[in-house]
Amino acid sequence: MTGFVLLRVRAHRLLLAAALLAVLLTTSVLASLAAFSGSVGDAALQGTLRGRSAPAAALVVTAQVPPAQRASADAAARDAARRTFDDLPVSVRKLERSGPYALPRSLQDPARRLGEPDLTHVAALDRSRLALVEGAWPTAGPGAAGEGGRGAAGAVTIEVALPEEAARRLRTGPGTVLDLADRLGGKPVRARVTGIYRPRDLTDLYWQLDPAGGRGVRTVVFTTYGPLLADPAVLGSGRLTSGETRWLATADFTGVTTGRMDALSASATAVPPAVAADTARFGGTVSARTSLPTVLAQTDRALVVSRSTLLIVAVQLVLLAAYTLLLVARLLSSERTGETELLRARGGSRRRIAGLAAVEALLLALPAAVIAPLLAGPLTRLLAERSALGSLGVRLDDAPAGQVWLVAALVAVCCAAAVVAPALAARDGGVVSLRRGRAAALPAPVRAGADIGLLVVAAVAYWQLDRQTGAGGPNGAAGSTADPGWADPMLVAAPALALLAGTVLTLRLLPPAARLAERRAAGGRGLPAALAGWQFSRRPLRGAGPVLLLVLAVAMGMLAIGQSASWDRSQQDQADFRTGTSVRVLTHGSADPAAARRYTSLPGVRSAAPAHRATTDFADNRTATVLALDTRSAAGGALFRSDLADRPASSLLTSLAPRAGARPGLPGTLPGVATDAFLAAAGAKKGDRVEVSVGGATLKVTLVDTVRQLPTTGVGAQAVSATEPAATPDDGGALLVDLHAAQQYLAAADPAAAAALAPTEWWLTTAPGRTGDVTEALRARPDADPAQVLVRDEAAAELLGDPLGAGPNSALMAVAGAAAALAAVGFAVSAAGSTRERSAEFAVLRALGAPRRQLARLIAAEQGLLVGIGLLVGVALGTVLTRTVVPLVVLTGQATQPVPRVLVQLPPGHVALLLAGVALLPLLIVTAIALRRTDPAVSLRHQGDH
């Protein structure tokens, strides 16, 4: 049997080689996608826990620890860290500080000396996190372990170092002696300043332990300076009032995989409450907090979106590969018709013939099942290096071997089944039809309405997906009412069903196209066009296979191209919306006349626009944002997408600015621009007057214009955070007014009321290429909080750099290339098979005197017509699918609709490359077939023998 199978393989080696190529290509691509998904998921999880979510993933334990229980409390905190992180390697750092002390009144401005005193704390800091700027480090000093070190009037004397910013504001330095009063009633302390220090890196997680974040100054109700750095022995000597002790625990997440997320989440949820209840070991009240479960939940949702995105193209590739293999298998079965009938005539059973086909299919599947997993690792790394992941520094390790081998085996078996399917579906014996007339215009399932049924199913799936992720869903959140699990089935199935339904509907276009071709051919004089039109009209389904293959490949490729380009554009749009301008600096709302000059004097800053942000409440628990912005200064640099308003942003903003000499009075109102959500929440419309409360003052605003959304406001205004709540679905929209006009309006009634609109942020417009310099200068200021400097380019880099988004987006283009290759192989095989099937017909024409050139033109006309129809219909279907499906499948990492909405992009250059890739190989094959010289006598003799 083995020898006979090898003889059959040799006789049809070209078709089987094409089938092997299709099986190997499909198996390799899908196995690589499986490896890519696993590797990207693990890399993204580790990057998230060690990167932007590291502060939220840390464990912070805070306790009031008596001196006698310092050792047991430290051991308890370290044990809690180990259990919280499920026995991962952990690093625990501690910050111990005293109770509050009042600074000398002489350090305050005279105007503030009658108010509350300024406070400070003494703390033992990790000196590896500090840099000494001036002086020397403090020592334990006398009496560190006993009752010595007393100053005048029984005051305790200690050595301390001041933070640089606190020393600057207090105008103190080494040698200064500070008399500190204990706010809890303890003994006073004399602190001799020995040095000045600054944090080496304010972004270090260690500074979570300091309420001032390492900046040296913090103002809430009191202004607190410090902490004053002292030797650790001073804190343990009992000379100071006991304060809080804080521990920061961070885990080493290297090597953590997505399979461990559930265990980590469970331990991080259960342990902190147990630690808070363990007051005996800590000797007093204790609290423990970590946002690791929230981080893992957000990462899990992002993983669902990432897997679903990959599965969308994987399922479409499976459809294309299955159709390609079925097409090749049908051609193989058609070529073996005579051979099969001969085997049946000699007693071969249907089971035996199907067994031969199964053995051949296994010969195709086994090499693919072995080679594909071996190629998955190199292909995955190649894709990462040549895509956006490479520029992001993401390095993908090998995916779990078992997963890749399993996927390869399943895909190879399915491909083998597709190759065997035509042999199993063959008729059992019967009379061989010697007369073949005009074939049916449509297949039986299509005549029965199967394509319409499939279209209905696709429409229902699209409607459900639109409800789930589109504007009709709850806040546009995918899966917001249910956990989609490993992947979102509706997100995966709906695009594939739409693609399949659109492709099958193409069959209904073939009969009209055939009749048109027949009429055009009948009116012509040339033999090639007449024969091509007659053949196409006589057997339209003969060309249906390759046409559908091209349609499927082109539409699938365009969908992948559109999804990739639209995702890239959406990340840029989201970054614009979040920041509103090149750089936005958040402040504390103090009226500082010199602030504008400080910002505009920075090299690279073109303009600085002050803004005041506040909220106002509506009924139904809706909260709206009121943004008072210097619209004239911001107009030139505001990042306002054109489709969010009905007129250009610069014109919209400057229309709100007060005109020269104009001064709004009490009878008048302010002009304002409202979002659609604000109108709905306020029950207002364009032209109405509304009243909003801002900083205790009331503004009467006339709604002169509306916008769909206003940058920096609403649900899209901030990044997803595990520690800070995002905007809620009950967002009441936003109202924009001009800051100077609002201040003039309030000052007309009460000159002091304008202070209620002191700037809370500054919108900076930077010169091209100078954003980085401006950002560095802003964050280098001693009083700056780096987190309060929002940079548009950094927001875009963060969005584009998310491996769970960039990874699947990179794979889309690779899958589009694989689709083009599969379609080219399938069409080329079909064209070759069609030509071989009609070899006798061409031989008769040659014997009757038809020139070789006319036959070449005939073949080129027939196959070129099929290629043209396939490409045209594919482009039309791909355009429709891209415009309708992409807005529903491009989601944020939390499975919600991006804000602003997705603008579908379909780059013409990429589409042209796709069409060239799909059509190039078929056209080359057709050209080779048309120009091939054959001997008509051989074909006629072969026909006569049969």
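Modeller: Axes here are lines fitted to C-alpha atoms, for helices over the stretch in contact, and angles run from 0 to 180 degrees between N-to-C directions. This is a predicted model, in which local features need pLDDT of at least 70 and side-chain atom pairs count only at pLDDT 80 or more, while totals for chains, interfaces and linings use all residues. Residues are numbered from 1 along each chain as its sequence is written, and side-chain values use heavy atoms, with hydrogens and water left out.

Colleague: What makes H2 oblique to H11?

Modeller: Helix H2 (residues 13–50) and helix H11 (residues 350–385) pack at an angle of about 45°, with their axes 7 Å apart. Angles under 35 degrees count as roughly parallel, over 145 as roughly antiparallel, 65 to 115 as roughly perpendicular and the rest as oblique. The angle of about 45° therefore makes H2 oblique to H11. Helices are DSSP runs of H or I with at least four residues, strands are runs of E with at least two, and both are numbered from the N terminus.

Colleague: Which residues of H2 and H11 meet?

Modeller: Contact means heavy atoms within 4.5 Å. Among the residues that meet are Leu16, Leu20 and Phe36 in H2, and Leu364, Ile371 and Leu383 in H11.

Colleague: How do you know that Asp42 has no salt bridge?

Modeller: A salt bridge is a side-chain nitrogen of Lys or Arg within 4 Å of a carboxyl oxygen of Asp or Glu. For Asp42, the nearest side chain of opposite charge, Arg307, is 7.4 Å away. Lys and Arg count as positive and Asp and Glu as negative, whereas His and the chain ends are not counted. Asp42, in H2, is nevertheless buried, and touches Val256, Thr257 and Thr258, not counting residues up to four places away in sequence.

Colleague: Why is Ser98 called buried or exposed?

Modeller: Buried means under 20% relative accessible area, exposed over 50%, and partly exposed in between (1.4 Å probe, protein chains only). Ser98 has 1% relative accessibility and therefore counts as buried. Ser98 belongs to strand S2 (residues 90–98), and its contacts include His121, Val122 and Leu235.

Colleague: How are Asp86 and Thr712 classed, and why?

Modeller: Asp86 stands at 24% relative accessibility, so it counts as partly exposed. Thr712, at 5%, therefore counts as buried. Neither is a glycine, yet Asp86 has a positive phi of about 55° and Thr712 a positive phi of about 75°. Asp86 lies in the loop between helix H4 (70–84) and S2; Thr712 is in the loop between strand S18 (697–707) and strand S19 (731–738).
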